[in-house]
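Colleague: I am new to reading protein models, and I would like to learn how to go through one feature by feature. Could you take me through an example?

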Amino acid sequence: DNGGDRELYDGQYSWQTGFTTVGLELPLGKLARLLVEGADGRTGMGPRQPGGAQVELRFRTGYALLTLGGERWRVSVRAEAFENRDRDGTAEPDQESGRAFTLAAFWSPTSRLRLGAEYLELRARREAAAFSGADPDTDARRGLLELRLTF
């Protein structure tokens, strides 16, 4: 619990958020590990008054990550999902849900050089975007190449 009190301060609301999270890391031999984590919680801001300016959400998120590799190389696959459920009853729909997939590979040929590549694909829907005239599908893809030099 972050201790937020939902009141207005200099034109900004304080968010009150509380959640529970659980995770597990499981070694699968010398070079592999499976990590799983999930969270369930609630968040809100603004005074709890019918018809008042407020946001009240229930959220859930989780991922599973499989990683293979040693000291100089690593390949990881991650799948995740999330959901925000609107609980305030106001006109603007605050729900959002989606899932993502990530594939990443890194190689360090020397202690000062790391090469990497990552691909991320996100499939998500945000109803509030349609409420304001935008596309509610917030899908995205990203590819990233990395060259990291350490001094």
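Modeller: We will look in turn at paired strands, salt bridges, charges over rings and one buried residue, and please keep in mind throughout that this is a predicted model.

Colleague: Which strands does E7 pair with, and in what sense?

Modeller: Strand E6 (residues 73–86) pairs with strand E7 (residues 96–110) in the antiparallel sense, over twelve bridges, and on this ladder phenylalanine 82 has glycine 98 of E7 as its bridge partner. E7 is also joined to strand E8 (residues 113–126) by 13 bridges, again in an antiparallel arrangement, with phenylalanine 106 standing opposite glycine 116 in E8. Between E7 and E8 there are two residues, and the two strands form a hairpin.

Colleague: How many salt bridges does a search of the whole structure find, and what is the idea behind them?

Modeller: The general idea is that side chains of opposite charge can pair when their charged atoms come close. In this structure the search finds 13 salt bridges. One of them joins the side chains of aspartate 40 and arginine 60, at 2.7 Å from N to O; this pair links distant parts of the chain, since aspartate 40 lies in strand E4 and arginine 60 in strand E5 (residues 55–69), 20 residues apart. Another brings together arginine 126 and glutamate 96, at 3.3 Å from N to O, and here the partners are 30 residues apart, arginine 126 in strand E8 and glutamate 96 in strand E7.

Colleague: Is glutamate 96 buried or partly exposed, and how does arginine 126 count?

Modeller: Glutamate 96 counts as buried because its relative accessibility is 19%, which is under the 20% cut-off, whereas arginine 126, at 29%, is partly exposed.

Colleague: Which residues are joined into one network by salt bridges that share partners?

Modeller: Begin with arginine 123 and glutamate 121, whose closest N and O atoms are 2.9 Å apart in a salt bridge. Salt bridges that share partners then join Glu121, Arg123, Asp139 and Arg141 into one network.

Colleague: What sits over the ring of tyrosine 63?

Modeller: The charged end of arginine 78 does, 4.0 Å from the ring centre, and in a similar way arginine 114 lies over the face of phenylalanine 106, at 4.2 Å from the centre of that ring. Aromatic pairs are another matter, for a search of the whole structure finds zero of them.

Colleague: Where is threonine 43, and what does its side chain reach?

Modeller: Threonine 43 is in strand E4 (residues 32–45), and it is buried, with a relative accessible area of 10%. Its side chain reaches the backbone oxygen of glutamine 16 at 3.5 Å. Beyond its neighbours within four places in sequence, threonine 43 is in contact with residues including Trp15, Val55, Leu57 and Phe59.

Terms used
Residues numbered from 1 in each chain as written. Predicted model: local features only at pLDDT ≥ 70, side-chain atom pairs only at ≥ 80, totals over all residues. Heavy atoms only, no water. Helix = DSSP H or I, 4+ residues; strand = E, 2+ residues; numbered from the N terminus. Buried < 20%, exposed > 50% of the residue type's maximum accessible area, 1.4 Å probe, protein only. Polar contact = N/O pair within 3.5 Å; in protein donor to acceptor, adjacent residues only side chain to side chain. Contact = heavy atoms within 4.5 Å. Phe/Tyr/Trp six-rings, centres within 6.5 Å; stacked < 30°, edge-to-face > 60°. Lys NZ or Arg CZ within 6 Å of the ring centre and 35° of its normal. Pairing = 2+ DSSP bridges. Salt bridge = Lys/Arg side-chain N within 4 Å of Asp/Glu carboxyl O.
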